[in-house]
Each structure stands twice: as structure tokens, then as C-alpha cells.
Amino acid sequence: MPFSPAELQDLPGVISAPRFATYLQAMGNDREMALELYAWNLDISSALIVPLQVCEVAVRNGIAEAIEAVHGANWPWNNGFIRSLPRPKSKFRYNPADDLQVCAHRLPTTGKIIAELKFAFWENIFTAGQDSRLWNAHFRTFFSWDPLAQAIPLCRAQAYADLQAIRHLRNRIAHHEPVFTRNLADDYQRIHDMIAWRSPTAAAWMDGKQTVMALIAQKP
């Protein structure tokens with residue numbers, strides 16, 4: 001839909017000159033095309049929220065079930081589990097043990113804690129230190145889809161790398177950053193595959209709901 005003269009005049013200022021400059025540069029300083037790209041970036045970011053939400057819920061529930069199988073239903077308060085969490089090398093980096101203990105101190109149930117923990121917490125449970133504690137025995141129980149029939153440490157490492165990339169995409173969208181330079185088809189496939197680790201049925205259902213691929217084809 002064409003932009004009105006008022007929109008062409010006002011929207012770049014509302015977006016802010018530094019932010020809009022990214023879009024102007026991408027579209028050869030064509031103001032109208034830059035606004036079209038900005039609007040498309042809004043639409044694709046919005047569309048990605050749906051698969052990202054399904055992915056986060058599916059993965060965190062699968063991980064939580066694996067933790068419970070080893071540490072019991074009250075695992076957020078289990079000192080053995082807390083001690084098993086990876087420790088950051090810098091005090092300025094995310095600390096999963098601190099995140100868990102803060103949530104466990106103020107929330108009364110495991111279910112509420114699961115919903116409150118940061119995405120990075122679940123990513124950290126896919127680090128190598130949890131192989132002997134969790135994944136060697138339980139990965140295929142809770143993340144059974146494996147088309148390549150890889151060894152469990154390779155599966156876990158792939159899940160970790162994929163979750164890390166998915167979190168970076170999620171954070172860019174959450175902070176209203178441009179995503180138009182990314183290979184979004186690869187991003188969507190990564191999200192799809194992460195859901196499929198948990199349930200191929202859920203991944204297929206997600207494919208039926210998503211609008212991401214159609215929007216990718218409409219990129220200005």
C-alpha cells in the first residue's frame with residue numbers, strides 16, 4: 001500500500017534517524033522503499049513470534065521433564081541440581097543458578113518457575129556438563145526425533161547451538177532490531193527442527209499455522 005505524503009514525511013522521524021538510516025542504506029536512499037522495508041520487517045518480526053513461542057514452550061517443557069526424571073518434582077530447590085548448573089566465567093554473564101534461585105525464592109511452584117525462567121536458562125541445560133547427569137539417559141525419551149540417528153552428545157550439541165541461534169533471533173525481535181539481513185528461511189527451519197526434536201506432530205502443526213514463509217517471499 002503506498003504511503004501518504006504525511007507518512008513519508010513523519011514516519012522516518014518517529015522511527016528515528018539512526019534507526020531509519022539502516023533501511024535507507026539497504027534501499028539505496030529511496031525513502032519510500034526504505035519505509036516499505038521497515039513495514040515488512042515489522043510484519044515478519046510479528047509473524048516469527050508465533051513459532052518462537054511454540055518453540056520456547058515445547059523445549060522448556062521437555063527439558064523440565066528430563067530434569068524432573070533425575071532430580072524430582074521439586075528440582076528448582078534441589079541443591080544437587082543447582083550445583084550442576086554451568087558457572088559463567090565472568091560475573092557480568094548470565095548465571096543460570098542465580099536465575100533459578102531468584103525465581104525459586106519468590107515463586108511457590110515448579111510450574112510457575114518454569115514459565116518465569118529466562119530462555120538462556122534452558123539453553124544452558126543443553127551444555128556438555130549435563131550429558132552424564134541428564135542427557136545420556138534421557139535425551140531420547142524427551143527429544144526423540146533424530147532423522148540422522150546421531151550419537152546423543154551430537155544431538156545435544158546441535159540442540160544447544162540451535163537454541164543459541166534462536167535466542168539471538170528472539171532478542172533482536174524483542175528489541176525491535178532489523179532482521180531483514182538474516183536468512184529467515186534458515187531461521188524458521190531451525191525453529192521448526194527444534195520443535196520437531198520434541199514432537200514432529202507439533203512441528204507439522206506449526207508449519208500449518210505459520211505465515212513466515214509467505215512473508216519472506218514478499219520482501220521488498
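**Close-up views of a predicted all-helix chain**

**View 1. Cys55 is a buried cysteine.** Its relative accessibility is 0%. Buried here means under 20%, so Cys55 falls within that class. This model is predicted. Cys55 takes part in no disulfide. The nearest cysteine sulfur belongs to Cys155 and lies 16 Å away. A disulfide would need the two sulfur atoms within 2.5 Å.

**View 2. Cys103 is also without a disulfide partner.** Its nearest cysteine sulfur is that of Cys55, at 19 Å. Cys103 has a relative accessibility of 2%, so Cys103 counts as buried. Across the structure, the number of disulfides is zero.

**View 3. The fold is built from helices.** The protein chain has twelve helices and zero strands. Read along the sequence, α follows α throughout the pattern. The C-alpha trace spans about 65 × 40 × 30 Å along its principal axes.

**View 4. Contacts and burial within the chain.** The protein chain holds 220 residues, and 43% of them are buried. Take the contacts between residues at least 6 apart in sequence. Of these, 65% join residues at least 24 apart.

**View 5. The exposed surface and its charges.** The protein chain exposes about 11500 Å². Carbon and sulfur atoms supply 53% of that area. Among the side chains, 22 are positive and 21 are negative. The centres of the two charge sets lie 10 Å apart.

Notes
Residues are numbered from 1 along each chain as its sequence is written. This is a predicted model: local features need pLDDT of at least 70, side-chain atom pairs count only at pLDDT 80 or more; totals for chains, interfaces and linings use all residues. Side-chain values use heavy atoms; hydrogens and water are left out. Helices (H or I, at least four residues) and strands (E, at least two) are DSSP runs, numbered from the N terminus. Buried means under 20% relative accessible area, exposed over 50%, partly exposed in between (1.4 Å probe, protein chains only). Contact means heavy atoms within 4.5 Å. Accessible areas come from the Shrake-Rupley method with a 1.4 Å probe; for residues, only the protein chains shown count as cover. Lys and Arg count as positive and Asp and Glu as negative; His and the chain ends are not counted. The place of a charge is taken as NZ of Lys, CZ of Arg, CG of Asp or CD of Glu.
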